[in-house]
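Colleague: Could you walk me through the labels you put on this model? I would like to hear the reasoning behind each one.

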Amino acid sequence: MPPALVSVALRGTGFIKEVLKDEVYYLGTPNTPTVAALGTQVYPNPYYWTEIPESPFISAVAAGGGYLWDSFGTVGSAMGPYQFWEPVRIGANSAGIGEALSSTDIAELGIIRAAYGDNTIARDLVVYSDNHGEFMVAANGDFKTDLSGLRDQRARRRQALQARRQGRQGHHHRHRRLPGLPRQALPGRAPTPSRSTGPGAATRTSPIDDGRDRPVQVYVVFHALDRDGFCSVPSGAVSLHAVLTSADDATDFSSLGARYNGDPDENVDFLIDSGEGIIIAQSGGGTINDGKRFATGVTTFSVAANDPAVTGIKEFPLSPLAAQGQTDECQAWIKVSNSLLGIVNVLAIAKDDEGNIGFDRVIDLSTTTSYTLTFRWSLITWAGANDIPVMDAIKGTGKNDAGNDISASVTAIYGWDAAGQKWLGFFPAGVNVPGANDLTALKTGEAYWIAITGPSSVTWTIATNVD
C-alpha cells in the first residue's frame, strides 16, 4: 500500500506530537543498537523508512498536486528517506490551513516544546501513513486546559461543609424504631450520645494522631499525585504540571500570568480556620507565622524517595484512595497541638497551576464520650472505633482502652443488618457457645439496642477519634 497523506488535528484541550514508527514497533531493550550491530533491538514490522516520491524520476512538485516530502531533491534540496511517521507539516493541515492561535497560545506551545525538546508539538500535524496504511501521533492534555467544570463540584462541597458545621452547632438526634424489633421492646426513652460527629470529609488531607495516649497533637497530611498518577517524574519523562515541588520548579509558565495562576511551584498553605490550636511543625520548606496559625509554602516530598532516617522528614501511609500496588505519592504535612482537646478546623490550600485548590478538614481531638444506659433497653449510635469487636467495646479493651468496663451489666446487644435484612445479636453469657453470637463487631455511625440488668442506669464511657 503506498503512503497516504494524513492530516491530524486536535481542538479543545491538549496538543499532539510525533511518534516515530521505530519507537512503537520494536523488540529488545529501548535505545540500544540493533542485533546486526551486536545490540538487542529487532524491528519486526517492516518497513520503517521509504522514499517519497518513490523514484528520482517523479517530481515532488506538480501542478495541482505533488508531495510534501522530497527524498531525491529533484526540486530544491534532497530531504533523504522519509522515516514513518515524521510530520511533514506542523501547525497546519495538508492544505496549509491551521487553527488560529492567540499570542498566549503560541507562547504556551513554545514553553511546552522547550520542555520536551520537541518542535513537532502542535495542534495540527500532517504525516504519511506506512506501507500497512497505519499512522500514529501522541496526544497530551496539558494545553489550554479548562478545569472550570470542577467549580460546581467545589461549590457543592462547600455547601455540604456548611451544612455539616451547622449540624455541629445545633445537632439533635431523632430516634425511630428500627425495622423488625418488637414494639414491646421499645424503651420508655432512648438515650442520646453526649456528642455527635458528622460524616468524614473525602479530601486529599487526613488527620493522624501522634500515637500518644491523649492525642493533643495531630498531623494534617496532604496527599497528591499528578494527572498521570506520579509523584516523582519517571526517568526520561516530562511533567508539565508536577505535584512534587522540586519537579514543578523545572518548568516555568510564569510569563503566561493569570492563565497559569502565575505558575507557582507546587506547595501547600495550611491555616487553622477556627478552634483552638497552634501549628508546631511542618514537613519542610515554607514558614510558620509568629502566631502559629499559618504555615505557608510547605513543600511536597516523595514518599518513595524520602528516607526519614536521613532527611528527618516524617512520612505517613499512602492515602486511603491509593491504587492497588501504588508505591509513591507526594505528601506535605503540619503538626497541630491543641491541649484543650477540642475541635479544630484546618484549611489546606494547594497552589495549582490551574488555580488554587482548597480542602477543609475538621479534626476532633476529644478522646471520649459517654452514654447513659437505662433499664431495660437503650438505643445508642456507636461513636467509637469502626469494626471493634463487641467484647472490646463493652469491656474497655483494645481500641476502647480509654473506656470503662460495663460487660457485667450488659445482657444483650442487637444491631440491624441492612444487607441481610435481619437482626444480629450478641450475648455476653454466650461468648463461648458456638453460633450463639452473630453480631461480632460494632460499626461507627450504626445504631444498636443494648439491654442492661438494672435496676439503676449505667454510664458507659467509650474512646472516640481512634481511627
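**Labels and their reasons**

Modeller: Happily! Let me start with Glu 99, which counts as partly exposed because its relative accessibility is 22%, and the label covers what lies between buried (under 20% relative accessible area) and exposed (over 50%), using a 1.4 Å probe and protein chains only. This is a predicted model, where local features need pLDDT of at least 70, side-chain atom pairs count only at pLDDT 80 or more, and totals for chains, interfaces and linings use all residues. Residues are numbered from 1 along each chain as its sequence is written, and side-chain values use heavy atoms, leaving out hydrogens and water.

Colleague: What makes Glu 99 and Arg 11 a salt bridge?

Modeller: Their closest N and O atoms are 3.8 Å apart, and the definition asks for a side-chain nitrogen of Lys or Arg within 4 Å of a carboxyl oxygen of Asp or Glu, so the pair qualifies. Glu 99 lies in the loop between β7 and α1 and Arg 11 in the loop between β1 and β2, so the pair ties together parts 88 residues apart in sequence. Helices (H or I, at least four residues) and strands (E, at least two) are DSSP runs, numbered from the N terminus.

Colleague: Which label does Arg 11 get, buried or partly exposed?

Modeller: Arg 11 has 40% relative accessibility, so it counts as partly exposed. Arg 11 also forms a salt bridge with Asp 124, with the closest N and O atoms 3.1 Å apart. Asp 124, at 4% relative accessibility, counts as buried.

Colleague: How do you know that Cys 231 and Cys 330 form a disulfide?

Modeller: Their sulfur atoms are 2.0 Å apart, and a disulfide is a pair of cysteine sulfur atoms within 2.5 Å, so the label fits. A search of the whole structure finds one disulfide. Cys 231 sits in the loop between β11 and α3 and Cys 330 in strand β17, so parts 99 residues apart in sequence are tied together.

Colleague: Why is this disulfide called right-handed?

Modeller: The torsion about the S-S bond of Cys 231 and Cys 330 is about 95°, so the disulfide is right-handed. Cys 231 counts as buried because its relative accessibility is 3%, and Cys 330 does so at 0%.

Colleague: What makes β12 and β15 a pair of strands?

Modeller: Strands β12 and β15 are joined by four bridges in the antiparallel sense, and pairing asks for at least two bridges found by DSSP, so they pass. One of the contacts has Val 298 in β15 as the bridge partner of Val 268.
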